[in-house]
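Reader: Can you walk me through this structure? I'd like to start with the chain contacts and then go inside a chain.

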4 protein chains.
Amino acid sequence: MVKGVMRPGHVQIRVLDMEEAVKHYRDLMGLIEVNRDASGRVYLKGWTESDKFSVVLREADTPGCDFNGFKVRNNEVLDQLHSDLKDFGCNIEEIPAGELEDCGRRIRFDSPTGHIFEIYAEKERTGKWGISSTNPEAWPRGLKGMKATRFDHCLFYGDDLDGTFDLFTNVLGFDLSEQVVDPEGNRIAQFFTCSIKEHDIAFIKHEEKGKLHHVSFYLDTWEDVLRAADLISMEDVPLDIGPTRHGLTHGQTIYFFDPSGNRSEVFCGGDYFYPDQEPITWTADQLGKAIFYHDRQLNERFLSVLT
Amino acid sequence: MVKGVMRPGHVQIRVLDMEEAVKHYRDLMGLIEVNRDASGRVYLKGWTESDKFSVVLREADTPGCDFNGFKVRNNEVLDQLHSDLKDFGCNIEEIPAGELEDCGRRIRFDSPTGHIFEIYAEKERTGKWGISSTNPEAWPRGLKGMKATRFDHCLFYGDDLDGTFDLFTNVLGFDLSEQVVDPEGNRIAQFFTCSIKEHDIAFIKHEEKGKLHHVSFYLDTWEDVLRAADLISMEDVPLDIGPTRHGLTHGQTIYFFDPSGNRSEVFCGGDYFYPDQEPITWTADQLGKAIFYHDRQLNERFLSVLT
Amino acid sequence: MVKGVMRPGHVQIRVLDMEEAVKHYRDLMGLIEVNRDASGRVYLKGWTESDKFSVVLREADTPGCDFNGFKVRNNEVLDQLHSDLKDFGCNIEEIPAGELEDCGRRIRFDSPTGHIFEIYAEKERTGKWGISSTNPEAWPRGLKGMKATRFDHCLFYGDDLDGTFDLFTNVLGFDLSEQVVDPEGNRIAQFFTCSIKEHDIAFIKHEEKGKLHHVSFYLDTWEDVLRAADLISMEDVPLDIGPTRHGLTHGQTIYFFDPSGNRSEVFCGGDYFYPDQEPITWTADQLGKAIFYHDRQLNERFLSVLT
Amino acid sequence: MVKGVMRPGHVQIRVLDMEEAVKHYRDLMGLIEVNRDASGRVYLKGWTESDKFSVVLREADTPGCDFNGFKVRNNEVLDQLHSDLKDFGCNIEEIPAGELEDCGRRIRFDSPTGHIFEIYAEKERTGKWGISSTNPEAWPRGLKGMKATRFDHCLFYGDDLDGTFDLFTNVLGFDLSEQVVDPEGNRIAQFFTCSIKEHDIAFIKHEEKGKLHHVSFYLDTWEDVLRAADLISMEDVPLDIGPTRHGLTHGQTIYFFDPSGNRSEVFCGGDYFYPDQEPITWTADQLGKAIFYHDRQLNERFLSVLT
């Protein structure tokens, strides 16, 4: 948080059929639907999140991710980073407050890997869903499905990892927590954190720009991952892989697909990272184990990514 | 237990290299080594088992299962079943006490699927390993690896499922707890219990006689299954599939291979069965889900079986 | 099961206010309400139970247990045990089929400790709740509260443990799985099983006859025990003790009270028992640890029992 | 982390008998012994910590806490905070590098509640214990006892909560994450974070200055809390309370005592906190539930604190 970026605050996901998508993210994954706007976008959040929303679904002709936004500490940080991003050479767009309902002005910028990011300082704070901020119970009644607790991070695929490394570490103040390095010393995967979470954003090397691998949500326990897997089967949802563990971060995970083909992850556990630590390094010859710790090999589906 | 068969009491497994096998069953799976006999066989048990041993490893040129023995309530039961097995037409061999050290006389017989079974009434009772039978602690210190608690069951592949059904239900008094039935109404998988465990022995239809699919051991929790999976990766043991859940029995499981190619299972959970229940039926078109509840398809390895 | 008693099949609990009681057993504990009869009794079951009901609530002026019934294998067993119970000297009452709706004729008898028991061979089989017996999913949707899976056992307090020992082992064919023995060698607690569960019925020495300590229900995991504890707090239910572990059986448990003052238990785990094992013995000087393994002392509430 | 304090980095605990203490912290709790210095102090750490040590045991005539140190981002932060602490009016002592072996210079200061704190920027980085920083396995072999993963935080008792609030928020840049407020609006408990952990330090109102309530260590799961509870019983360690959940932070916990009477905590789970959230407030009338969520009342032992 040295430069004032606090956390992944929202992601806008393109879906082919809104009602099918709502069934996936709300009824299956257990996100809370909090709003629909005039353009038809649906806003959701995990129940532990204190801001009003973190996931925005937009109906479109192709699946994928429109943008991933990060909340910064305050407007001074927002202005400073705006200026720094300009200096770095990003294409920048200023989005006025209210374009996403209940969200303040956003600074939108692109990364060298061709992804669209945003920063913003203000969003309506509605508190955790279903429990009070005074004498709060341990968890709310009425959660559905997988009971996803929060939007946690995105994993993107793209070409210019070095440029994006520069952007996220030097401009935005993230730390490199984990990496995969090939024999020539090139990073082919890089995980960044702006907190002590093992990753707040991650990138894997890919020849094309701007690809989405998955959007990830946090669960409390390995038993929740099992129940998520059970629900995937009960609802006949396409499974990618899991339950299993990642080598990178050591989180316990399952990957599956929404009806539009976007890959979802729910996971629990995982390591923590402080900025005085050396990044964890996986070597490319161990990439299978780095990604899927138990199978120790990539499945074909893992390589598929979205526009 | 209506005819007096109590439980799966031992299994003799053929291994190609004894010291490699001991590393697998003792150091990785956490069975307790309790004896080695003059012929070089190694005897082990899970720590919760009250008899002296349940797993016998024998060095041989081919992997597989020599025999699977069941403990019966007493010698009267043993004699009665001996007679009943003769009447059924089994090939019978009487093994004198002491052939397996510390085990009483055994009645060995074959099944229509070509597997070798045994019943016996006496084995040295040494109590649970590492804890007292007076004021016992919750678990013993010093367990290794996966901390397998007991030998639980075998799954065999063979041709004459109907004959073996007759043998296990009508002669030995087991109940059919679960089955997979094809469109013509033939059972292609049958799980039997002599207790309230969902399975004490199981068979899957296969063109050849006498094949072993796996030998299974019980763990306490889904978290233990995760740690078993981690150990499989740390020790670079060949993984078959998991962590996952079975549809049949609903147990949570992982399959992997010993150095000789024998498939091992560790699992937890699973349903229970009383003899007044109807057997659970899976239909053959759902065989993938019946076997691997999350993946909902059989992997190629699943079909591989041993001599 | 040597004499043909299969399992604890039902318990009739007296409650002071039916609607409050239904909230406790159905909404909090998650039992399924399946019937109400003309006399106002409410019938419930745990979702994994294959018979129609296992818990009957009867509104009365005092709390406690009316009777605890066991299902036997068939009518031949029922008749034989009827005769054996008469020979043993029990006061016997024959209850016609239908007195409990959908239950066959019951043989009611008293124990030397002054408790009322029943055996019966027939009850309507409705299968597990919420899942099919063909291609069954892992668990049903829509379970409430603690999601109790089944009625598991009762613990009673009474005076003549030796007489009741004789009744349950010699007449009914149960095995003694665990006991607490005082310095003079008298059993002050005795746990019996008719299966491989560590206890299907248990008794603790007490100067008065016919007391109920608790009615117990099974949960799948230690995490379910935590969530049960959370619900107890959220609903402001009186807690007795837990989450903790018992020394006896090593199950993981929590005790709490229904609105009438009847003690409920939900628990998971616990050891298993085969009839060739020696019973586990706890010594009376370790009674605190035997009952509450972590606290190692009895709380005052533990000693309270019901009419 | 706005002012550059990263985390609780070490705590020096006074113990009456060093070898007894080492058995507690190393063999029972599973901390790794990494060093002993010329003055007889023993240095330990949790296996996931990247710096060389986090716990220092010093033999003394009274139990308690000598000081609690926080690692800051770098020497510039250290100098700035040094100056700010002076301005705030703390009594300050500069401890040269090497007084704690392998630790850089420390700035020691007192708080209005009478506790001794330190900040430092440098300590030898030895990496996580037992696993490599390249291709790291999920966990190391050979961990003992409770397998505590890291020193997590201290809870202190003292009088001037307002002054200490000022010190930790305004001078050191921590955020108030949780508080207990009495009817007059006074905070009687305050939890602070310098990361997204729900607490990196906590204080409860008490008439005397400078008291230690407990030193806390992190476990991975609720199942680990159970096993910790089991070990406490097996080793006959004095238990305070647990396994249970806190209302404050919602962590799952157990309290027990080292042989000198210092209270130890191991816990898992718990909420997370970002600086844009409102602090959670518990009202004093719910103090019992705030501290022990399931029991909803304080035990007598909870009120005992150390010199």
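Author: We'll take the interfaces, then a strand, then a helix. Keep in mind that this is a predicted model.

Reader: How many residues of chain D are in contact with chain A?

Author: Chain D puts in 39 residues, and they touch 39 residues of chain A.

Reader: And how much area do chain D and chain A bury between them?

Author: About 3,800 Å². Carbon and sulfur atoms account for 51% of that area. On the side of chain D, Tyr272(D), Tyr274(D) and Asp276(D) supply 17% of the area buried against chain A, more than any other three residues.

Reader: How many salt bridges does the rule find across the interface of chain D and chain A?

Author: Ten salt bridges. One of them joins Lys289(D) to Glu137(A), with the closest N and O atoms 3.0 Å apart. There are also 26 residue pairs in polar contact across the interface of chain D and chain A, both residues being at pLDDT 80 or more.

Reader: Which elements give two or more residues to that side of chain D?

Author: Strand S1(D), residues 5-15, and strand S17(D), residues 280-283. The largest share is from S17(D), with four residues. By class, the side of chain D that touches chain A has 13 nonpolar, eleven polar and 15 charged residues.

Reader: Switching partners. How many residues do chain C and chain D bring to their contact?

Author: 22 residues from chain C and 22 residues from chain D. The two chains bury about 1,900 Å² between them. Of that area, 47% is on carbon and sulfur atoms.

Reader: How many salt bridges are there between chain C and chain D?

Author: Four. In one salt bridge, Asp236(D) meets Arg296(C) at 2.9 Å, N to O. The count of residue pairs in polar contact between chain C and chain D is eleven, both residues at pLDDT 80 or more.

Reader: Where does the largest share of the side of chain C come from?

Author: From H4(C), which gives eight residues. Helix H4(C) covers residues 222-234, and strand S14(C), residues 239-245, also gives two or more. That side of chain C divides into nine nonpolar, five polar and eight charged residues.

Reader: Now inside chain A. Is strand S13 mostly covered or exposed?

Author: Mostly covered. Eight of the eight residues of S13(A), which spans 211-218, are buried.

Reader: Which sense does S13(A) take in pairing with S9 of chain A?

Author: Antiparallel, over seven bridges. S9(A) runs from 150 to 158. His153(A) has Ser216(A) of S13(A) as its bridge partner. S13(A) also pairs with strand S16(A), residues 263-269, in the parallel sense, over four bridges. There, Val215(A) stands opposite Ser264(A).

Reader: Last topic, chain B. Which residues of helix H1 are buried?

Author: H1(B) covers 18-28, and Met18(B), Ala21(B), Val22(B), His24(B), Tyr25(B) and Leu28(B) are buried.

Reader: Why would residues three or four places apart point the same way?

Author: An α-helix has 3.6 residues a turn, so residues at that spacing point the same way.

Reader: What caps the N-terminal end of H1(B)?

Author: Asp17(B) does. One of its side-chain oxygens lies 3.1 Å from the backbone nitrogen of Glu19(B).

Reader: And what comes just after H1(B)?

Author: Gly30(B), with a positive phi of about 85 degrees.

Terms used:
Residues are numbered from 1 along each chain as its sequence is written. Chains are lettered from A and ligands numbered from 1 in the order in which they are written. This is a predicted model: local features need pLDDT of at least 70, side-chain atom pairs count only at pLDDT 80 or more; totals for chains, interfaces and linings use all residues. Side-chain values use heavy atoms; hydrogens and water are left out. Contact means heavy atoms within 4.5 Å. Buried area is the accessible area (1.4 Å probe) that two parts lose on being put together, summed over both. A salt bridge is a side-chain nitrogen of Lys or Arg within 4 Å of a carboxyl oxygen of Asp or Glu. A polar contact is a pair of N or O atoms within 3.5 Å; within protein, one must be able to donate a hydrogen and the other to accept it, and residues adjacent in sequence count only if both atoms are side-chain atoms. Ala, Val, Leu, Ile, Met, Phe, Trp, Tyr, Cys and Pro count as nonpolar, Asp, Glu, Lys and Arg as charged, and the others, Gly among them, as polar. Buried means under 20% relative accessible area, exposed over 50%, partly exposed in between (1.4 Å probe, protein chains only). Two strands pair if DSSP finds at least two bridges between them.
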